[in-house]
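Here are a few notes to go with your first look at this one. They stick to the ligand and the place where it sits.

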Amino acid sequence: MSEKRNAIYIRWMIRRDMPEIMDIEDDSFEFPWRLGDEKEGRPPKGSFLAILSERNAIGMVAEIDGRIAGYMVYVLGESRIELLNFAVRRDVRRRGIGRAMIDKLRATLSRRCGKWLVVFTDENNLPAQLFFRAVGMRATGIEIGSWPKEGRNAIRFVCRSREPAAVKEALS
Ligand SMILES: CC(C)(COP(=O)(O)OP(=O)(O)OC[C@H]1O[C@@H](n2cnc3c(N)ncnc32)[C@H](O)[C@@H]1OP(=O)(O)O)[C@@H](O)C(=O)NCCC(=O)NCCS
């Protein structure tokens, strides 16, 4: 197989991507986000379309061989980027796609000095926790009882561009 054929291409998310994204979302999460399209009336709070219509929200997709292999939705805040949603298609996991997307976000952090990348993950989601650790993020706290749904706890992971010392300092 040629290198080009398997290259990971990361680009902005567009409306046409949504059917493939929704398939991955439904397959990946116990509490998947809804699309929030016109069939549902006004986009419900917390749906893809409602969040992506917010000024600082950004959606990106990773493509392999012309198909959506993964996606991420994040918001640019004053002092941090918060990753709100992040998944890779089940049949192409463990091929470095998740890592490539986090690297892309870290490049955004580098351009915006002093920014932290933050993500919350369900305390029961061990694969995600192992992933965030493997890509250099640190668990720094727990959000009790509200995420991703009432009664569940979430672990907060953070990292800052490519400066492990700064992460250490922030943890102390
Ligand atoms: C978490 C997720 C995005 C990882 O994506 P991915 O493309 O498979 O990750 P990568 O291939 O880049 O993995 C990088 C490293 O993370 C670690 N890792 C990833 N998945 C792992 C798993 N299931 N178990 C243990 N370690 C894992 C490994 O160290 C891996 O490197 P290796 O494959 O060389 O051993 C993917 O499993 C997923 O979509 N899960 C469901 C949705 C989800 O939980 N999203 C996060 C919500 S906050």
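**Notes on the ligand site**

1. Start with the neighbours, bearing in mind that this is a predicted model. There are 21 residues around the ligand, and the ones that come nearest are Phe-86, Val-88, Arg-94, Gly-98 and Asn-125.

2. Next, have a look at the polar contacts to oxygen atoms of the ligand. Arg-94 uses its backbone here: a polar atom of it is 2.8 Å from a ligand oxygen. Gly-96 also comes in through a backbone N or O atom, which lies 2.8 Å from an oxygen of the ligand. With Arg-93 it's the side chain, where a polar atom lies 3.4 Å from a ligand oxygen.

3. How much of the ligand's accessible area does the protein cover? On its own the ligand has 920 Å² of accessible area, and the protein covers 78% of that.

4. As for where to look, the ligand sits in the largest pocket. Two or more residues of the shell around the ligand come from each of β4 (80-88), α3 (97-111), β5 (116-122) and α4 (126-134). Which of these gives the largest share of the shell? That's α4, with six residues.

5. The make-up of that shell is worth a glance too. Its residues split into 12 nonpolar, five polar and four charged.

6. Now the pocket itself. It holds about 1400 Å³ of space. Of its 44 lining residues, Phe-29, Phe-86, Ala-87, Asn-125 and Ala-128 are the closest to the centre. You've met Phe-86 and Asn-125 already, since they are also among the residues that come nearest to the ligand.

7. Which elements give two or more residues to the pocket lining? They are α1 (18-28), β4, α3, β5 and α4. Here the largest share comes from β4, which gives seven residues, whereas in the shell around the ligand the largest share is that of α4.

8. Last, the lining by residue type: 23 nonpolar, nine polar and 12 charged. If you colour the view by type, try it on the lining and then on the ligand shell, where the split is 12 nonpolar, five polar and four charged.

Methods
Residues numbered from 1 in each chain as written. Predicted model: local features only at pLDDT ≥ 70, side-chain atom pairs only at ≥ 80, totals over all residues. Heavy atoms only, no water. Near = heavy atom within 4 Å. Polar contact = N/O pair within 3.5 Å; in protein donor to acceptor, adjacent residues only side chain to side chain. Areas by Shrake-Rupley, 256 points an atom, 1.4 Å probe, with all protein chains shown as cover. 1 Å grid on protein atoms, 1.4 Å probe; cavity = no way out; pocket = protein on both sides within 12 Å on 5 of 7 lines; lining within 4 Å. Sits in = over half its atoms within 2 Å of the grid points. Helix = DSSP H or I, 4+ residues; strand = E, 2+ residues; numbered from the N terminus. Nonpolar A, V, L, I, M, F, W, Y, C, P; charged D, E, K, R; others polar. Points joined across faces, edges and corners; volume = space filled by probe spheres on them.
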